[in-house]
Each structure stands twice: as structure tokens, then as C-alpha cells.
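Visitor: I am new to this structure and would like a close look at one part of it. Could you take me through the pockets, and then show me what lies around them?

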Amino acid sequence: MIEKIFDIKHESSDGKSRTGVLHLPHGDVKTPVFMPVGTNATVKALTKDDLDEIGFEIILANTYHLYLRPGSDIIEEAGGLHGFSGWKKNFLTDSGGFQVWSLSPLRKISMEGAAFRSNIDGSKHLFTPESVVDVQVQFNSDVQMQLDVCTGYGVEKKEAIKALEITENWALRAKNEWIKKQNEGYKGILLPIVQGNFFEDLRKRSAEFVTELDLPAIAIGGLSVGEPAEEFSKMLDYTVNFLPKHKAKYVMGIGTPDYILDAVHSGIDMFDCVLPTRNARNGSYFTHDGKLSIKQERFIHDFGPIDSECNCKVCKNYSRSYLRHLFKEQEILSCMLASYHNLYFLHNMMHEIRNAIEENRFEEYRSSFLKRYHSNNIK
């Protein structure tokens with residue numbers, strides 16, 4: 001019998017949102033949770049101490065990139081991702097399937113696996129569902145993902161069916177390999193991934209298939225791949241209807257207040273995205289009144305904080321004028337401070353979301369937050 005790893009703490013009386021706790025090998029994680037993306041076992045421009053100071057309990061690392069460099073053998077030799085990076089809390093690792101799809105122009109997907117050329121040196125590699133489980137075991141991932149086939153928005157149904165058939169085959173094989181590794185002492189969990197593109201019958205089929213696998217939690221893939229926001233919300237809501245309520249659910253690749261609040265509204269517990277730190281490196285800050293572009297000339301003489309309601313050390317200690325100066329001079333500190341603020345902002349928003357759910361006022365919180373966020377009232 002597969003061990004239960006998720007406890008629902010409170011179900012909101014005003015919708016599907018809920019709070020809970022994930023019990024993982026490197027500590028409990030409060031949900032709903034946003035996970036910063038540390039592609040190369042580091043969140044860009046931040047130290048592990050920064051992440052700990054903000055309060056994160058789990059971050060994401062990327063199997064494709066770490067497999068290619070420095071290599072899974074070196075990471076295993078260092079004591080897994082925790083020993084290699086010094087981050088002692090939880091790691092979720094993706095399968096690398098999305099990167100094979102998006103980064104490798106020379107790839108071949110078959111029932112055997114995903115053959116591709118490295119984006120670093122062009123060398124040939126093959127990911128199979130079994131080998132991807134094995135690599136993530138070498139990483140000592142707390143949460144690992146099955147290898148899947150992602151398809152873009154707007155593909156024909158025939159292509160979506162083929163991708164789903166392969167993903168289902170890979171999920172079964174990944175589960176069998178994961179069980180073997182569990183019997184050898186591996187403690188991390190495996191998540192199957194719902195696919196099916198934007199076809200409702202395929203989404204229903206995939207959701208019912210992964211439910212039958214009875215793995216500890218479930219991921220929903222193939223969303224946030226270029227579709228309109230309303231299509232994302234519609235398909236996510238539809239898919240969740242066919243998934244068991246008692247399992248933790250994870251949607252990959254969302255990291256803005258709009259998408260996060262939509263996901264929580266649909267009953268999603270986990271999400272991640274590179275966007276908060278990528279935007280930060282381009283001078284874009286989250287605020288309660290919307291996104292602030294620090295490069296604007298109107299901030300030259302503005303000695304106030306990025307967001308007067310934010311308690312992060314950036315808002316407490318640095319002015320808009322100074323942060324604009326750092327960005328315009330391309331100082332490394334600009335990336336560091338902007339990334340810290342954006343992740344602090346989202347982490348604090350998750351804290352507010354959990355409080356609102358437990359007080360049965362999440363829909364009210366969501367509505368008022370978005371109304372202000374979209375007001376473009378940044379002064």
C-alpha cells in the first residue's frame with residue numbers, strides 16, 4: 001500500500017480551495033504552496049540562506065539540465081541535491097520532458113523514450129521513463145515527476161492522442177521503477193502527470209488513468225503553454241473534477257498572482273514558475289497595485305519603497321531611485337534584490353491565501369486582490 005503523504009487541513013466553505021500539509025522526507029510543506037524554480041540546483045541570484053530567510057519549504061530543480069551538467073553521478077556522489085547544494089529542505093525535480101520538447105530541436109519521441117541532442121554540446125541522449133526515475137533517485141529528490149510528452153496549444157487531436165498514449169505507457173513503467181527504488185530504500189514520491197492537451201475527452205481519460213495509478217499525489221501538465229488565460233482556467237477546472245479530492249494536486253509552470261489565485265480557486269495545492277525571478281532580472285517587480293517596471297524615468301527622484309505594504313528587506317532598506325540606478329547600471333545587486341522581493345511577495349501572498357481559506361473568505365480575498373492588482377494604480 002502506498003503511504004499517504006497529504007493531509008487536508010481545512011476546506012473552504014466558499015469554493016474548492018483548501019489548506020493542507022505535505023509530509024515529505026526533508027520536512028512538512030504547508031499548502032497551497034508556490035515553489036521557486038532553481039533550474040540548476042540554485043534559484044538564480046539568491047542564496048539558499050535567502051530562500052530560508054523568506055520561509056520556503058520546497059524548491060524545484062531541473063532534471064534535464066542537471067543530468068547534462070554536472071551529471072547525476074556527481075550529484076549522487078555529493079549526497080544528492082541536498083548535499084550538493086546545501087539546501088536542506090525539500091526538492092521537487094521535474095522529469096526533463098518539457099525541456100526535451102522545448103529546447104531540443106533534434107528529438108525523437110517513441111514508446112521507448114525520448115531521444116534528443118544536448119542543448120550544450122549536441123551529444124546524443126535517451127530518456128526512458130525508467131532512466132528518468134533512476135536519475136531522480138540519484139538526486140535524492142523528495143518529489144519526482146514521471147517522464148511525459150507535452151504538446152503545445154493548438155495541435156491536432158491526432159497528435160494529442162499519440163502523446164497521451166505514450167505518456168500513459170511511461171507512467172506505468174515509471175511507477176514500476178519507482179516501486180523498485182522504494183523497496184531499495186528510496187524515500188521520495190513519484191507524481192504521474194495528466195495530459196490530453198485542450199480536448200475535454202482526453203483530459204477526462206488521462207485524469208481517470210492517473211487516478212487508477214494511486215500514486216501519492218498528482219500533477220496536471222500541458223497547461224500554461226501559450227493558451228489564453230480563460231482557456232487555462234476552463235480546462236483546469238474541468239480536469240480537477242475527475243481527480244480524487246484527497247490527493248495533493250500540482251500544476252506546473254504558473255507563477256503570477258492571477259494564475260495562482262485561479263489555481264487555488266480550482267483546488268490546486270502546488271505550483272512553480274521561473275517568471276518571478278526572470279521578470280526580476282528584467283527590472284519588473286510585483287506590488288499590490290500591479291507590476292512595477294523599475295526602468296521608468298519617473299522613478300529617478302522616487303525615494304520611496306517598491307511597495308509600502310511589503311515587509312521584505314528590499315522594501316525596508318532600498319528606494320525605487322536606487323533600485324532603478326542599479327538596474328540601469330546593470331549591477332548584479334539589481335537581480336539579487338529584485339528576485340528576493342518578488343519571491344518574498346509571492347510567499348507572503350501564499351500565507352495570506354492560506355489564512356483566507358481557513359477563515360472561509362478566499363473568494364473575497366481573491367476578488368479584492370485582483371481588483372487592486374489590475375488597477376494599475378502604482379504611484
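Guide: Here is a walk through the pockets, followed by a look at the cores and two single residues. Please keep in mind that this is a predicted model.

Let's begin with the largest pocket, which has a volume of about 840 Å³. Its lining is made up of 37 residues, and those nearest the centre are Asp94, Phe98, Gln99, Asp272 and Val274. Several elements, β5 (58–62), α5 (97–103), β15 (270–273) and α11 (275–281), each supply at least two residues of this lining. Helix α5 has the largest share, with six residues. By kind, the lining of the largest pocket divides into 15 nonpolar, 16 polar and six charged residues.

Now move to the second largest pocket, with about 300 Å³ of space. It is lined by 18 residues, and Ile109, Val149, Cys150, Glu159 and Ala163 are the closest to its centre. Two or more residues of this lining come from each of α5, β7 (107–109) and α7. Helix α7 gives the most, with six residues. Here the lining divides into ten nonpolar, two polar and six charged residues.

While you are at α7, find Asn176, which sits in this helix (residues 157–183). Asn176 counts as partly exposed because its relative accessibility is 47%, a value between the 20% and 50% cut-offs. Pro129 is 47 residues away from Asn176 along the chain, yet the C-alpha atoms of the two are separated by 9.8 Å.

Next come the nonpolar cores. In soluble globular proteins, nonpolar side chains tend to be buried together. The largest core here has 72 residues, and the members that touch the most others are Phe34, Leu236, Ile260, Phe271 and Ile353. Helix α14 (residues 332–358) gives twelve residues to this core, the most of any element. Looking beyond its neighbours in sequence, up to four places away, Ile353 touches Pro32, Ile260, Leu261, Val264, Phe362 and Tyr365. There is also a second, separate core of 21 residues, with Phe6, Val33, Ile58 and Leu92 among them.

Our last stop is Ser319, in the loop between α12 (313–317) and α13 (320–328). Ser319 counts as buried because its relative accessibility is 13%, which is under the 20% cut-off. A polar atom of the Ser319 side chain lies 3.0 Å from the backbone nitrogen of Tyr322. Leaving aside residues up to four places away in sequence, Ser319 touches Asp302, Phe303 and Gly304.

Notes. Residues are numbered from 1 along each chain as its sequence is written. This is a predicted model: local features need pLDDT of at least 70, side-chain atom pairs count only at pLDDT 80 or more; totals for chains, interfaces and linings use all residues. Side-chain values use heavy atoms; hydrogens and water are left out. Helices (H or I, at least four residues) and strands (E, at least two) are DSSP runs, numbered from the N terminus. Buried means under 20% relative accessible area, exposed over 50%, partly exposed in between (1.4 Å probe, protein chains only). A polar contact is a pair of N or O atoms within 3.5 Å; within protein, one must be able to donate a hydrogen and the other to accept it, and residues adjacent in sequence count only if both atoms are side-chain atoms. Contact means heavy atoms within 4.5 Å. A nonpolar core is a set of buried Ala, Val, Leu, Ile, Met, Phe, Trp, Tyr and Cys residues joined through side-chain atoms within 4.5 Å. On a 1 Å grid over the protein atoms alone, a cavity is a set of points where a 1.4 Å probe fits but cannot get out, and a pocket is an open set with protein on both sides within 12 Å along at least five of seven lines; lining residues have an atom within 4 Å of a point. Grid points are joined across faces, edges and corners, and a volume is the space filled by probe spheres set on the points. Ala, Val, Leu, Ile, Met, Phe, Trp, Tyr, Cys and Pro count as nonpolar, Asp, Glu, Lys and Arg as charged, and the others, Gly among them, as polar.
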